[in-house]
Amino acid sequence: MRQKLRSTFVLVNHTEILEALVGLKDVQVLAYERRGPEVTLVIEQTLGDVRCPSCRARAHVKERPVVTYIDLPVYGSAMTLSWKKHRMRCVNPECATGSWVLDDHRIAAKSCLLTTRAAKWATRQVGEGRTVSEVAKELNCDWHTVNDALLTYGSALLDADRRRLNQTSAIGLDETSFVKPHDQAHSNYATTVCDVENHQIIEILPSRNYVDVAKWVPDQPSSWKERIEYGALDMSPAYAAVYSVALPQAAQVVDPFHVVSLANRALDAVRRRVQREQLGHRGHRGHRDDPLYRVRRVLLMGEEKLSENAAARLRSLLELGDPEGEVAISYAIKERLRDFYRTRDPDKARTMLRELLEHCASRAMPPEIQKLGGTIETWFDKICNFHVARVSNGPTEALNNLIKRVKRV
Ligand SMILES: [Zn+2]
């Protein structure tokens, strides 16, 4: 009686358990055991026609070794999975093959003490910021077991990801700065290589120099390189050179984000200059009363985002602070550039940008806008390529963060 209380043997509906706990068609649940707080699920594989790997003769079951794995906790209780394996032997007397054990990596990988789903769960937990010890405690196992699983599955995750990224036809090079903690003055620059079709990070290179970035490309498989049709970039001559030299067949596409932010910077420079000039006329009265200072943020917003009141306020403050209309014209140029990106038809868009550039080049334009026009002229074709390629270094998925953390571990 006492024995029975301590060890309750429960057999629940097989299909139900399979769906809920294993979810694999060719895996059978033999038993579901509960000893106190611990739950054990006993499973086996359903055998098909098993053949010898070397001579293809039929194979017989020689032994049924049971291997126990740590599985995901069920309703807060630790769970183990006992896998009643099949050790097979070839029937052909001439065959030199010894015996072998049937495996299934979907259940558990070789040399991993966690089941595959527990290992994936643990990898995700650590990826999301939990410590290895916390996860080990929850799984009721030791630190090394979890850490080993992380090494196995973390690298499997990265490999799977790399294989998927190998399918892309568009990549992007993007500069990222990492400010060292306690050393704001010296930031490090890195280049992020992205799959801009699937918005995933492919690689982070610890440099933004031509030589370092260009060196990375030839190391990639030629099948990967041949597939690349588009290369997205900011307006950096170094990245343009990387594409021209290392991936000459790829059409270069300047990121819309960088072009619009360049226009915003030109607009802001005009605003600051006119503001200084006006202050010179009136003497310094502080920022609060300065009409241009007060519209500095509104200017950088999209026109369509302004309420009627905000638009009216912008107009009246510009009348006050911008007597020559230099800020107003720069604002119109920036908005026209945004229209260019909203235009779907590549030919129309190209004509539109050409007209805008002629406008920018006019002597009547503020010098900052003439300079902006010059930069856009330099990159004209690569900017227009956006309308054909429709790829850009957009936001990458949250999965990247997970991968980065796993990489660090
Ligand atoms: Zn054989």
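**Entry 1: pairing strands**

I begin with a working rule: two strands count as paired if DSSP finds at least two bridges between them. The model I am looking at is a predicted one.

With that rule in hand, I went to strands β2 and β3. Strand β2 covers residues 27-35 and strand β3 covers residues 38-45, and I found 8 bridges joining the two. They run antiparallel. To get my bearings inside this pair, I looked up E33 and found T40 of β3 standing opposite.

Next I followed the chain round the turn. The hairpin of β2 and β3 has 2 residues between the strands. G36 in this hairpin takes a positive phi near 60°.

**Entry 2: the open sheet**

Which strands form the open sheet, and in what order? I noted 3 strands, in the order β4-β7-β8, with antiparallel pairing. The edge strands are β4, at 59-63, and β8, at 100-101, and each of them pairs on one side only.

I then checked how β7 meets β8. Strand β7 spans residues 87-90, and 2 bridges join it to β8. These strands also run antiparallel. M88 stands opposite W100, a residue of β8.

A general reminder I jotted in the margin: side chains in a regular strand alternate between the two faces of the sheet.

**Entry 3: the whole chain**

I stepped back for a quick tally. The chain holds 18 helices and 13 strands. Of its 409 residues, 27% are buried. I also looked at contacts between residues at least 6 apart in sequence, and 57% of these join residues at least 24 apart.

**Entry 4: helices α3 and α4**

Two packed helices are described by the angle between their axes and the distance between the axes. I applied this to α3, residues 116-127, and α4, residues 132-139. They pack at an angle of about 145°, and their axes are 9 Å apart. Their crossing is right-handed.

Which residues make the contact? On the α3 side I listed A118, A122, Q125 and V126, and on the α4 side V132, V135 and L139. Sorting these residues gave me 6 nonpolar, 1 polar and no charged.

Just past this pair I stopped at N140, which lies in the loop between α4 and α5, the latter at 143-165. N140 has a positive phi of about 60°, although it is not a glycine. I count N140 as partly exposed because it has 15 C-beta neighbours inside 10 Å.

**Entry 5: helices α14 and α15**

I tried another helix pair further along. Helix α14 covers residues 346-361 and helix α15 covers residues 367-378; they pack at an angle of about 140°, with axes 8 Å apart. Is the crossing of α14 and α15 left-handed or right-handed? I noted a left-handed one.

In the contact, L357, C360 and A361 of α14 meet I369, Q370, L372, G373, I376 and E377 of α15. These residues divide into 6 nonpolar, 2 polar and 1 charged.

**Entry 6: the span of α13**

Helix α13 runs over residues 326-342, which is 17 residues. From its first C-alpha to its last I read 25 Å, close to the 24 Å expected at 1.5 Å a residue. Then I looked up which of its residues are buried: E326, V327, I329, S330, Y331, I333, K334, L337 and F340.

**Entry 7: a few single residues**

R56 caught my eye, since it sits in the loop between β3 and β4. Its phi is positive, about 65°, although R56 is not a glycine. R56 is exposed because it has 11 other C-beta atoms within 10 Å, and the cut-off for exposed is 12 or fewer.

D103 is placed in the loop between β8 and α3. Why does D103 count as partly exposed? It has 14 C-beta neighbours inside 10 Å. I also compared its place with that of Q45: D103 and Q45 are 58 residues apart in sequence, and 9.0 Å apart in space, C-alpha to C-alpha.

My last stop was D268, in helix α9, residues 256-282. D268 is partly exposed because 17 other C-beta atoms lie within 10 Å, whereas a buried residue would need 20 or more. I finished by checking D268 against R297: they are 29 residues apart along the chain, and their C-alpha atoms are separated by 9.3 Å.

Methods:
Residues are numbered from 1 along each chain as its sequence is written. This is a predicted model: local features need pLDDT of at least 70, side-chain atom pairs count only at pLDDT 80 or more; totals for chains, interfaces and linings use all residues. Helices (H or I, at least four residues) and strands (E, at least two) are DSSP runs, numbered from the N terminus. Axes are lines fitted to C-alpha atoms, for helices over the stretch in contact, and angles run from 0 to 180 degrees between N-to-C directions. A crossing is left-handed if the near helix is turned anticlockwise from the far one by less than a right angle, and right-handed if clockwise. Two residues are in contact if their C-beta atoms, placed from the backbone, lie within 7 Å. Ala, Val, Leu, Ile, Met, Phe, Trp, Tyr, Cys and Pro count as nonpolar, Asp, Glu, Lys and Arg as charged, and the others, Gly among them, as polar. The expected span of a helix is 1.5 Å times one less than its number of residues.
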